[in-house]
Amino acid sequence: MTVASILKNKGREIFTVTADEPVTTAIAVLCAKRIGAVVVLDDKGSIAGIFSERDVIHAMNTHGKAVFDKRVGDLMTRNVVTCTPAEPIAGIMGMMTAQRFRHVPVVEEGRMIGVISIGDVVKSRIAEAQAEVDALRQYIAL
Ligand code: AMP
């Protein structure tokens, strides 16, 4: 299974903010959409960073209440790791585990076409494992 199969099931909706927006705006998007990260876009619509709930926690620890006066660009991660729709899901899972992040924007021919989360990856792996069990059970019952 590939990243494309996850996007086919979950759709290609992408929630974004810009680096100059207040952190409180990004937090409001995370809460309203029930997601863990938003992609930060520059003025050309390219990926400038990623901002996740983990960044809020770290910033609260570092800056205390002053975190709410910050801009997204002050707290986001700038070096964003992306993937392509053709990549196998197992590889993405390994990458998320090794690099300790739970969100990966999907980029095709220079254009962002979706975001996959660790939740999407786990859901897909469970479905795959279940399909294998069902096929083996059917084979044994023949
Ligand atoms: P997460 O586990 O996705 O909440 O993110 C943990 C940390 O990794 C945060 O500092 C995020 O900004 C950062 N992060 C999340 N996704 C990515 C990514 N695809 N590439 C680089 N950093 C990321």
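Is Met96 buried or exposed? Met96 counts as buried, because its relative accessibility is 3% and the cut-off for burial is under 20%. The model is predicted.

## Overall layout

The chain holds six helices and five strands. Read from the N terminus, the elements follow the order α-β-α-β-β-α-α-α-β-β-α. A helix therefore stands at each end of that order.

The C-alpha atoms fill a box of roughly 65 × 35 × 25 Å along the principal axes. Of the contacts with a separation of 6 or more, 55% join residues 24 or more positions apart.

## Burial, surface and charge

The chain has 142 residues, and 32% of them are buried. Its accessible surface comes to about 9000 Å². Carbon and sulfur atoms account for 54% of that surface.

The chain carries 17 positive and 16 negative charges. The mean positions of these two sets are 5 Å apart.

## Met96 in helix α5

Met96 sits in helix α5, which spans residues 89-99. Which residues does Met96 contact, leaving aside neighbours within four places in sequence? The partners are Phe101, Arg102, His103, Val104, Ile116, Ser117, Ile118 and Val121. Ile118 and Val121 fall within helix α6, residues 118-141.

Val81 gives a second reference point for Met96. The two are 15 residues apart in sequence. From C-alpha to C-alpha, the distance is 9.8 Å.

## Ser52 in strand β3

Ser52 belongs to strand β3, residues 47-52. Is Ser52 buried or exposed? Ser52 counts as buried, because its relative accessibility is 12% and burial means under 20%.

Not counting residues up to four places away in sequence, Ser52 touches Leu30, Gly36 and Ala37.

## The C-terminal patch

Where does Leu142 lie? Leu142 is in the segment after α6, the helix that covers 118-141. Leu142 is exposed, because its relative accessible area is 87% and the cut-off for exposure is over 50%.

Leu142 also takes part in a nonpolar surface patch. Leu136, Tyr139 and Ile140 are the other members. The patch has an area of about 580 Å². Leu136, Tyr139 and Ile140 fall within the range of α6, whereas Leu142 comes after that helix.

## Three residues side by side

| Residue | Place | Relative accessibility | Class |
|---|---|---|---|
| Met96 | helix α5 | 3% | buried |
| Ser52 | strand β3 | 12% | buried |
| Leu142 | segment after α6 | 87% | exposed |

Notes:
Residues are numbered from 1 along each chain as its sequence is written. This is a predicted model: local features need pLDDT of at least 70, side-chain atom pairs count only at pLDDT 80 or more; totals for chains, interfaces and linings use all residues. Side-chain values use heavy atoms; hydrogens and water are left out. Helices (H or I, at least four residues) and strands (E, at least two) are DSSP runs, numbered from the N terminus. Buried means under 20% relative accessible area, exposed over 50%, partly exposed in between (1.4 Å probe, protein chains only). Contact means heavy atoms within 4.5 Å. Accessible areas come from the Shrake-Rupley method with a 1.4 Å probe; for residues, only the protein chains shown count as cover. Lys and Arg count as positive and Asp and Glu as negative; His and the chain ends are not counted. The place of a charge is taken as NZ of Lys, CZ of Arg, CG of Asp or CD of Glu. Patches are made of residues with over 30% relative accessible area and no salt bridge: like charges are joined within 9 Å, nonpolar side chains (Val, Leu, Ile, Met, Phe, Trp, Tyr) within 5 Å. A salt bridge is a side-chain nitrogen of Lys or Arg within 4 Å of a carboxyl oxygen of Asp or Glu.
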